[in-house]
Structure formats: C-alpha cells, structure tokens
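This report introduces selected local features of one protein model to a reader who has not met it before. Please keep the sequence and the structure in view while reading.

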Amino acid sequence: GFSLYSLVQRWSRLALTVLVASVAWCCAFACIVLDIEVVGINDPEIEGDYMAYMFIHDSVHGLFKGHCEVKDKKFIVDGHEIATFATKDPKTIPRGSLGAEVVIESSGFFTTQEGASGHLAGGAKRVVITGPSPDTPTFVMGVNEDKYDAGMT
C-alpha cells in the first residue's frame, strides 16, 4: 500500500467512512490495501463533541470500542490526534503544515474545479470531490475506475 495523509472537508457519512478505514475498525481489506492517516477535519457547522458522539455511536459501523475524545481542538481516536477546523473558506486551512496530501471534499460546496482549487492553495496536492461535478470527471468503482489516469489534474 501507500501512505495517504488526508484532510476531510466536512463531517459526513463519507468522511466518517474514511476515518473508520484509517483506524482499521470497519473493513480490514481496505485498511491493508490503503494506509490512510487522517490529519485534519474541517466542518464549520459541527462541534467536536458531536463529531466524537457520531463516531462512537455510528448507525452503520456500530459502537466504536476504542477511545475517542475532543481536546484542545484535536479529535483524538485511540491516541491519534486529528486537527479540527471550523472555516467556510478552504484556502485558510494550513494543509501543508499538517502534511495533508489529499483533501476529501465531502461538503458538497466545492464540486467544481474552481471551488476545489481552494484546497490546493493551502498546500494539498490532490482533491477528491465526492459528489457530482459539472466540470471534472467522475469515477465509480466497478463502473469506470479503469479510466482514471494519475496524471489528471
């Protein structure tokens, strides 16, 4: 596998799934294939304590049996500290200082190339737009993932 340091934009079902996979809680196969480390979460509308509650008491993955807390603006899962932010402007998140190479754009607000490029301004190398986009290609596993080219910008 390869290491993927990512920042999650907006706490959502998809963001939760990425975090779950990163702590090897849900799908052992995915965790073996992908070595994901979530280094940041940005959501201007959800408090950290509620994020922790949703993570611990997830309706799909079940009750998290590890330790999860929020302390000093850090979301902590089994000792792993994840920076949290609450900004509506993606350009203001210091992705580079976090080491975030990829942003998981799951807010639904930045689905165009222009909107998602705000994440690149903060130091990210790639943005994965998780919703439909009017001007970027969409890839669906089992449908057209073979069309993906790592050289795409």
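## Pocket, helix and loops

The model is a predicted one. Within it, α3 (48-56) and β7 (80-85) each supply at least two residues of the lining of the second largest pocket.

Rolling a probe the size of a water molecule over the atoms shows where empty space is left. The space in the second largest pocket amounts to about 210 Å³. Its lining runs through Asp43, Pro44, Glu45, Ile46, Glu47, Gly48 and Met51, and is completed by Val70, Lys73, Thr84, Phe85 and Ala86. By character, six of these lining residues are nonpolar, two are polar and four are charged.

Helix α3 also deserves attention for its buried residues, which include Gly48, Met51, Ala52 and Phe55. Viewed down the axis of α3, the buried residues fall within an arc of 100°, so they line one face of the helix. Gly48 and Met51 thus appear both among the buried residues of α3 and in the lining of the second largest pocket.

Aromatic rings form a further theme. A pair of aromatic rings is described by the distance of the centres and the angle of the planes. The model contains four aromatic pairs. One of them joins tyrosine 50 and tyrosine 53 in a stacked arrangement, with 6.3 Å from centre to centre and 10° between the planes. These two tyrosines are three residues apart in helix α3, and therefore about one helical turn separates them. An α-helix has 3.6 residues a turn, so residues three or four places apart point the same way. Tyrosine 50 is partly exposed, at a relative accessible area of 46%, and tyrosine 53 is likewise partly exposed, at 48%. An aromatic cluster is formed by Phe55, Phe64 and Phe75; Phe55 is also one of the buried residues of α3.

Backbone angles are the last topic. Most residues other than glycine have a negative phi, and most peptide bonds are trans. Two aspartates in loops have a positive phi instead, as the table sets out.

| Residue | Phi | Loop |
|---|---|---|
| Aspartate 72 | about 50° | between β5 (68-71) and β6 (74-77) |
| Aspartate 78 | near 50° | between β6 and β7 |

Is aspartate 72 buried or exposed? Aspartate 72 is exposed, because its relative accessible area is 69% and the cut-off for an exposed residue is over 50%.

Terms used:
Residues numbered from 1 in each chain as written. Predicted model: local features only at pLDDT ≥ 70, side-chain atom pairs only at ≥ 80, totals over all residues. Heavy atoms only, no water. 1 Å grid on protein atoms, 1.4 Å probe; cavity = no way out; pocket = protein on both sides within 12 Å on 5 of 7 lines; lining within 4 Å. Points joined across faces, edges and corners; volume = space filled by probe spheres on them. Helix = DSSP H or I, 4+ residues; strand = E, 2+ residues; numbered from the N terminus. Nonpolar A, V, L, I, M, F, W, Y, C, P; charged D, E, K, R; others polar. Buried < 20%, exposed > 50% of the residue type's maximum accessible area, 1.4 Å probe, protein only. Arc of directions from axis to C-beta. Phe/Tyr/Trp six-rings, centres within 6.5 Å; stacked < 30°, edge-to-face > 60°.
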